[in-house]
Amino acid sequence: MQLKNMSLLQTQLYINGQWQDAATSRQFAINNPADNRHITDVADGAGDDTLAAIASAKSALPAWKSKTANERAIILRRWYELMMDNQDDLATILSTEQGKPLAEAKGEIAYGASYVQWFAEEARRIEGDIIAPPSNDKRLMVIKQPVGVVTSITPWNFPNAMLARKAAPALAAGCTFVAKPASETPLSALALAVLAEEAGIPAGVFNVVCGSDSAAIGQAMTDSPSVNKLSFTGSTAVGKNLLAQCATTVKKTSMELGGNAPFIVFDDADIEAAIAGLMNSKFRNAGQTCVCTNRVYVQSGIYDQFIEGLTSAMKALKVGPATESSVDIGPLIHRKAVDKVQELIDSAIANGAVLSYQAKLEEMGSNNFYPPTLLTNVGPEMAICQDEIFGPVVAVQRFNDEEDAVAAANNTEAGLAAYFYTQDIARTWRVGEALEYGIVGINEGLISNAMAPFGGVKQSGFGREGSKYGLDDYLEIKYLCLGGLA
Ligand code: SIN
């Protein structure tokens with residue numbers, strides 16, 4: 001991999017400001033999903049390395065939380081600037097290990113950096129309260145203090161942004177941090193550690209432990225009494241296990257878990273805008289995001305026109321490796337992901353779905369690519385409507401009635417993101433309020449940004465990332481009662 005700044009390409013663990021091998025000296029391989037080529041080997045951290053990182057975060061905590069909010073803000077601002085100064089290199093690392101097209105990877109670096117910028121600013125706005133007392137000899141006050149040592153486990157679909165949007169509010173609040181990036185994509189996290197050091201983040205405040213045994217690292221994090229919080233983004237199944245593990249030490253947690261996003265297009269929608277919105281929300285990162293549209297509901301009056309427009313938009317998509325500049329869709333993360341998408345499609349077709357369109361792919365450098373695919377005549381009982389597809393597949397159902405569409409959209413255990421298109425202002429409010437989701441895109445397919453609260457309800461988890469609410473997840477509320485004032 002060729003970078004302007006080769007020091008960003010690190011392969012060791014970053015603990016207490018030191019680059020080091022795993023305690024076992026073992027390494028594991030990182031491959032490029034576009035051609036399955038070996039990129040490099042990375043230190044294979046495990047439980048002992050995690051405990052060392054937690055110990056360093058614990059000893060760095062008193063000094064970091066004693067800094068003024070302004071001092072922390074200045075350091076975080078510098079980290080943001082360095083991320084943007086190194087945007088091209090960070091994007092190259094990201095797309096090489098993850099597969100997303102280079103332009104999209106650059107977008108992710110700016111997206112991740114925007115959380116660091118946002119929380120550098122929010123660091124100065126940690127405010128308490130004075131409460132009217134029940135008697136005149138007392139004064140009641142509320143202050144907010146950092147939670148303490150925070151650990152994170154982040155996924156491979158956004159190797160930069162998911163980490164940045166946890167680390168930035170934690171550090172802004174005065175917490176110290178141990179990151180466990182996905183084993184498929186540790187290089188982006190290690191590059192962030194290089195820039196963290198350059199920005200002046202002191203040793204021990206931000207640590208990265210990568211490793212192939214995620215369960216062992218997770219267990220060390222959840223068992224440790226020195227860890228005050230775990231913030232996780234990933235599947236609902238893994239989130240449930242981590243929650244159960246955190247129960248033994250009653251840790252604070254934030255859980256950004258799986259989604260099953262409905263996308264409803266009403267007869268009164270602007271059809272072109274709805275197609276554009278669906279293309280954005282479905283095909284971002286080859287369909288591999290938790291907020292990607294999973295189920296599409298189209299009202300009967302515009303159904304044929306919508307499918308026709310959608311098919312021609314899908315025909316224009318170009319699939320290929322990240323290095324080709326005109327590419328819209330890269331490979332899926334690995335072959336297992338391709339097989340899972342294929343199984344969902346096969347099972348839907350066996351149960352009556354119709355394969356309305358599937359792109360023909362040229363021979364690629366690996367067999368991890370999946371063609372953009374359109375399924376119609378899909379039914380709610382099909383696995384494709386219940387599991388997260390995590391691939392470039394649009395699964396469409398037809399509906400007649402608003403109430404039925406909303407009921408169908410809500411008929412899932414997930415509650416992360418939902419989308420709908422209408423030009424009727426009363427319907428906008430009615431449906432917006434009725435959808436049981438943490439995020440609702442109305443006439444909009446791209447809903448993620450640092451200013452807005454990202455998070456789900458139901459089994460999509462809890463906690464909010466970004467926005468003015470995002471710091472709360474890393475702060476404890478303390479009530480001070482001052483008595484004897486009579
Ligand atoms: C995710 O897939 O978990 C995050 C997507 C986003 O931030 O938009």
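Is K318 buried or exposed, or does it fall in between? K318 is partly exposed, with a relative accessible area of 34%; here buried stands for under 20% relative accessible area, exposed for over 50%, and partly exposed for what lies in between, using a 1.4 Å probe and protein chains only. Before we go on, a word about the source: this is a predicted model, in which local features need pLDDT of at least 70 and side-chain atom pairs count only at pLDDT 80 or more, while totals for chains, interfaces and linings use all residues. Residues are numbered from 1 along each chain as its sequence is written, and side-chain values use heavy atoms, with hydrogens and water left out.

Let us stay with K318 and its charged partner. K318 forms a salt bridge with E324, and the closest N and O atoms of the pair are 3.2 Å apart. The term salt bridge is used for a side-chain nitrogen of Lys or Arg within 4 Å of a carboxyl oxygen of Asp or Glu. E324 is partly exposed too, at 36% relative accessibility. The structure holds 17 salt bridges. Side chains of opposite charge can pair when their charged atoms come close.

Another of these pairs brings together K106 and D88, with the closest N and O atoms 3.1 Å apart. This pair links distant parts of the chain: K106 sits in helix 4 (residues 102–122) and D88 in helix 3 (residues 87–98), 18 residues apart. Helices (H or I, at least four residues) and strands (E, at least two) are DSSP runs, numbered from the N terminus. Both ends of the bridge are partly exposed, K106 at 32% relative accessibility and D88 with a relative accessible area of 33%.

Q87 adds a further link to K106. Q87 is found in helix 3 and is buried, with a relative accessible area of 17%. A polar atom of the Q87 side chain lies 2.9 Å from the backbone oxygen of K106. Leaving aside neighbours within four places in sequence, Q87 is in contact (heavy atoms within 4.5 Å) with K106, I109 and A110.

Now look at helix 11 (residues 335–350), where R335 and D339 both lie, 4 residues apart, about one turn of the helix. Salt bridges that share partners also join D268, E402, R427 and R430 into one network. Returning to helix 11, R335 and D339 form a salt bridge whose closest N and O atoms are 3.1 Å apart. R335 counts as partly exposed at 36% relative accessibility, and D339 does so at 34%.

What about a charged residue without such a partner? E388 is buried yet has no salt bridge, and the nearest side chain of opposite charge, K340, is 6.5 Å away. For this purpose Lys and Arg count as positive and Asp and Glu as negative, while His and the chain ends are not counted. E388 is found in the loop between strand 15 (373–376) and strand 16 (393–399). A polar atom of the E388 side chain lies 3.1 Å from the backbone nitrogen of G259. Not counting residues up to four places away in sequence, E388 touches G258, G259, T289, C290, N294, K340 and L344.

One of those neighbours, C290, leads us to the cysteines. The count comes to 0 disulfides, a disulfide being a pair of cysteine sulfur atoms within 2.5 Å. For C290, the nearest cysteine sulfur is that of C292, 8.6 Å away, and C290 counts as buried at 14% relative accessibility.

Next comes the nonpolar interior. In soluble globular proteins, nonpolar side chains tend to be buried together. A nonpolar core here is a set of buried Ala, Val, Leu, Ile, Met, Phe, Trp, Tyr and Cys residues joined through side-chain atoms within 4.5 Å. The largest such core has 85 residues, and those with the most contacts inside it are W79, F177 and F206. Apart from it lies another core, of 59 residues, among them I275, M279, V393 and V394. Beyond neighbours within four places in sequence, the contacts of F177 include A57, V150, L163, L171, V205 and F206.

We can finish at A434, found in helix 13 (residues 425–434). A434 is partly exposed, with a relative accessible area of 33%. Not counting residues up to four places away in sequence, A434 touches V406 and N410. The C-alpha atoms of A434 and A63, 371 residues apart along the chain, are separated by 47 Å.

Terms used
Polar contact = N/O pair within 3.5 Å; in protein donor to acceptor, adjacent residues only side chain to side chain.
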